[in-house]
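The report below looks at how two chains meet and then at how one of them is built. Please keep the sequence and the model in view while reading.

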Amino acid sequence: MKLLEDILVVDFSQFLSGPSAGLRLADLGARVIKIERSGVGDICRELYVSDVMLEGESTIFHAINRNKESYAVNLKDEDDRERIKLLLKEADVLIHNFRPGVMERLGLDYATVKEIAPSIVYSEINGYGERGPWRDLPGQDLLLQSVSGLAWLSNNNNTTPTPMGVAVVDILAGAHLAQGILASLYQRAITGEGALVQVSMFESIVDFQFEVLTCFFNDGNELPVRSAVNNGHAYIAAPYGIYKTQNGYLALAMGNIVVLSELLKCPGLKKFTNKEDWFSKRDEIKLILASHLNTSTTENWLNILEPADIWCAKVLDYEELVQEEGYKELEVELRVKTANGLEVTTTRCPIRVDGKLLLSSKGAPGLGEHNRQIEDEFLLQTIPVRN
Amino acid sequence: MKNLPLKGLTVLEFSQYLSGPSAGLRLADLGARVIKIERPGSGDACRQLAIKNLWLDDSSLLFHTINRNKESFTANLKDPEDLSVIRKLITKADVLTHNFRPGVMDKVGLDYESVKKINERIIYAEITGYGKKGPWKDKPGQDLLLQSLSGLVNTSGNEDHDPVPFGIAIADIISGTHLVQGILAALIRRQKKGIGALIEVSLLESLLDFQFELLTTYYSSNQLPQRSKHNNGHTLLSAPYGIYPAAEGFIAIAMVPLSKLATALECTALGDFQQADAFRKRDAIKEVINKHLSVQPASYWAKKLQQNGVWAMEVLNWLQMKEEEAYKILGMEQKVGEGKNEFVTTRCPIRINGKKFTSVKPAPALGEQNEKIRTELLI
């Protein structure tokens with residue numbers, strides 16, 4: 001039995017944050033129905049990235065929305081709204097990521113939905129919470145990275161603030177929402193009661209920084225200082241960082257500088273016998289290390305360091321990665337197929353259950369692909385069909 | 001919901017450092033009782049791992065941050081007597097987590113098959129670095145190394161920068177997050193069907209999942225992600241997406257049609273570019289924007305852009321963020337512990353029924369709950 005068998009999720013969310021939560025629930029066994037706007041659908045369908053498209057839709061839409069169904073409606077139409085309410089009676093979970101006030105205007109706020117479906121788990125993601133001066137601003141990933149101080153943690157100190165190149169705020173907010181939904185479903189399985197689960201992107205990205213923010217809160221509010229060269233983490237001593245070699249790059253995590261000096265035959269590092277200098281003089285140490293490591297190949301350094309249990313690794317790009325046995329062994333690639341026959345290779349759910357991979361070959365739905373089926377199944381045609 | 005959602009559940013945490021313990025922290029905040037099983041004398045190695053040399057009692061502030069709201073029970077897993085106590089404790093537990101390298105729990109007889117024999121309903125959850133098979137299985141599961149092997153370091157920074165790691169332990173945090181999802185879903189099934197589960201996550205699989213948009217695009221195009229020459233925000237996104245230096249401060253601009261941006265910034269030079277070229281010519285476009293923004297402070301541009309409905313925000317550091325009403329109103333900070341050991345940290349980011357989850361309970365001293373737990377077990 002799948003972990004979330006018999007759980008029905010009605011998902012009004014768009015883009016990445018909410019839909020990534022829906023995807024996880026789908027992979028864990030829930031049935032996820034996307035509620036999309038007739039004619040347009042999830043705006044992510046139109047989000048063309050890097051000029052790579054599949055059947056006129058963005059690759060990322062297909063990655064985020066596989067293993068789901070699509071029900072296209074006009075939420076401003078009264079009959080359609082009645083249909084949605086009938087569907088919600090059968091639902092276990094509702095997800096949305098509209099800005100505060102939108103679901104209220106549609107008459108689908110928690111108080112209203114709870115009357116129709118008392119035991120529903122109603123979950124929402126917004127940008128900055130439901131109150132406060134930024135509540136109506138767009139909850140967009142780069143902007144959240146920028147206001148939360150996150151952009152000051154990566155890259156070298158002489159560079160401008162550097163965003164993380166993956167939509168980390170969306171993904172974390174979605175992951176936190178899934179956690180809240182699952183915890184509430186567990187409680188519901190005991191008491192039968194529903195719940196309101198709320199996550200904001202701002203809270204999620206503050207939580208992501210909990211280790212370093214706690215340091216900042218308690219060290220007299222000193223701002224983080226990235227290292228001048230080879231920055232890996234603003235709060236970690238040398239050698240932590242990525243170093244250029246003759247033929248590529250080498251990552252070095254925490255390590256003893258004196259030991260490194262001997263192993264690498266780098267006499268310039270020998271004088272750093274005081275452990276505290278590894279942090280306070282990390283720029284100086286890293287500069288010496290960087291010029292030394294640039295004199296030989298990544299493989300040569302790995303052959304010296306790995307047998308000595310030094311934490312190190314080569315830096316790979318995707319092309320190199322997918323050829324590695326260590327990658328292939330994980331079987332992360334998943335082939336899915338849409339109703340139109342389009343085949344897409346993407347990644348599978350990262351969680352294994354009872355020793356098994358969670359796999360589904362179901363591709364992303366076409367807009368409104370499941371209207372007929374859903375209306376039949378949930379007897380939604382009792383509402384007069386709009387002209 | 002009268003109680004915290006996970007009230008009544010007991011979690012035994014054999015995990016150390018960040019990945020597993022961050023999962024334990026989330027479960028604790030959601031109401032579970034989390035008992036760290038630690039080695040006598042030294043405990044979780046994170047106790048000795050300090051950043052900026054900040055300590056509370058004998059353990060680092062870092063340890064306190066990750067392990068607040070938990071208990072500690074010491075046991076030497078190589079000692080048969082201690083092990084029998086642990087087995088007894090396992091019979092009372094709902095969840096077990098560990099993040100040892102493959103084979104370690106097998107050696108002490110606490111692998112899933114053995115544990116299942118003592119407690120059939122247990123949710124046994126583990127994090128490895130690279131999975132349990134293959135040539136990488138015994139490599140150290142360390143965050144920076146995972147970022148480097150998984151290709152993630154090629155996504156941030158500009159084209160001419162060396163690979164740029166994320167300045168936060170993303171692999172640890174994301175795998176801990178996935179572990180929690182697996183554990184909670186398994187608890188739901190257990191509540192309905194009465195059966196336990198084995199939940200497995202690895203840092204590498206979690207970090208690849210984190211890059212699923214980029215990887216899916218790579219699988220279909222065979223094009224490696226290219227960072228833009230200037231102001232890189234996201235390798236897949238066209239201009240203007242990125243952070244720009246202004247005369248004073250920095251401004252982040254997200255997706256926006258070029259014509260709308262040109263109007264908002266009163267930047268006629270942007271009119272030379274077609275929307276269809278926004279990806280292909282993003283370096284040239286970003287250069288134009290850079291030049292245009294350099295003459296006024298970020299606050300000036302933020303106001304102008306926001307008035308025109310363009311997605312933009314000023315870039316803040318933590319000091320500036322803390323001053324913002326929008327931050328204060330979230331109530332993300334909480335005080336933990338008391339007296340000289342009191343410290344400020346963040347709370348759980350999830351709210352249920354309008355309620356924030358906070359807890360003043362500090363991290364445990366090594367073996368702090370030994371007596372209490374032995375009494376409960378009647379030994």
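## Strands paired across the chains

In this predicted model, strand β14 of chain A, residues 352-353, and strand β8 of chain B, residues 197-202, run antiparallel and are joined by two bridges. At the level of single residues, Arg352(A) is placed opposite Glu200(B), the latter belonging to β8(B).

## The contact between chains A and B

Turning from this pairing to the contact as a whole, chain A contributes 113 residues and chain B contributes 113 residues. On the side of chain A that touches chain B, the largest share comes from helix α7 of chain A, which spans residues 168-191 and supplies 14 residues. The residues on that side of chain A divide by character into 65 nonpolar, 32 polar and 16 charged.

## Overall build of chain B

Chain B holds 379 residues, of which 56% count as buried, and its secondary structure comes to 15 helices and 15 strands. The C-alpha trace of chain B spans about 80 × 50 × 45 Å along its principal axes. If one takes the contacts in chain B with a separation of 6 or more, 67% of them are between residues 24 or more positions apart.

The domain assignment divides chain B into domain 1, made of 10-210 together with 331-376, and domain 2, which covers 242-323. Between the C-alpha centres of domain 1 of chain B and domain 2 of chain B there is a distance of 41 Å.

## Strand β2 and its partners in chain B

Strand β2 of chain B, residues 33-38, is mostly covered, with five of its six residues buried. With which strands does β2(B) pair in the parallel sense? One partner is strand β1 of chain B, residues 10-13, which pairs with β2(B) over four bridges, and another is strand β5 of chain B, residues 71-74, which also pairs with β2(B) over four bridges.

Lys36(B) appears in both of these pairings: Lys36(B), in β2(B), is the bridge partner of Glu13(B), and Lys36(B) also stands opposite Ser72(B) in β5(B).

The connection from β1(B) to β2(B) can be followed as well, since the chain passes from β1(B) through helix α1 of chain B, residues 19-29, before it reaches β2(B). This β-α-β crossover is right-handed.

Terms used: Residues are numbered from 1 along each chain as its sequence is written. Chains are lettered from A and ligands numbered from 1 in the order in which they are written. This is a predicted model: local features need pLDDT of at least 70, side-chain atom pairs count only at pLDDT 80 or more; totals for chains, interfaces and linings use all residues. A residue is buried if 20 or more other C-beta atoms lie within 10 Å of its own, exposed if 12 or fewer, and partly exposed in between; C-beta atoms are placed from the backbone. Two residues are in contact if their C-beta atoms, placed from the backbone, lie within 7 Å. Two strands pair if DSSP finds at least two bridges between them. A crossover is right-handed if, with the strands pointing away from the viewer, the path from the first strand over the helix to the second runs clockwise. Ala, Val, Leu, Ile, Met, Phe, Trp, Tyr, Cys and Pro count as nonpolar, Asp, Glu, Lys and Arg as charged, and the others, Gly among them, as polar. Domain bounds come from an automatic or database domain assignment.
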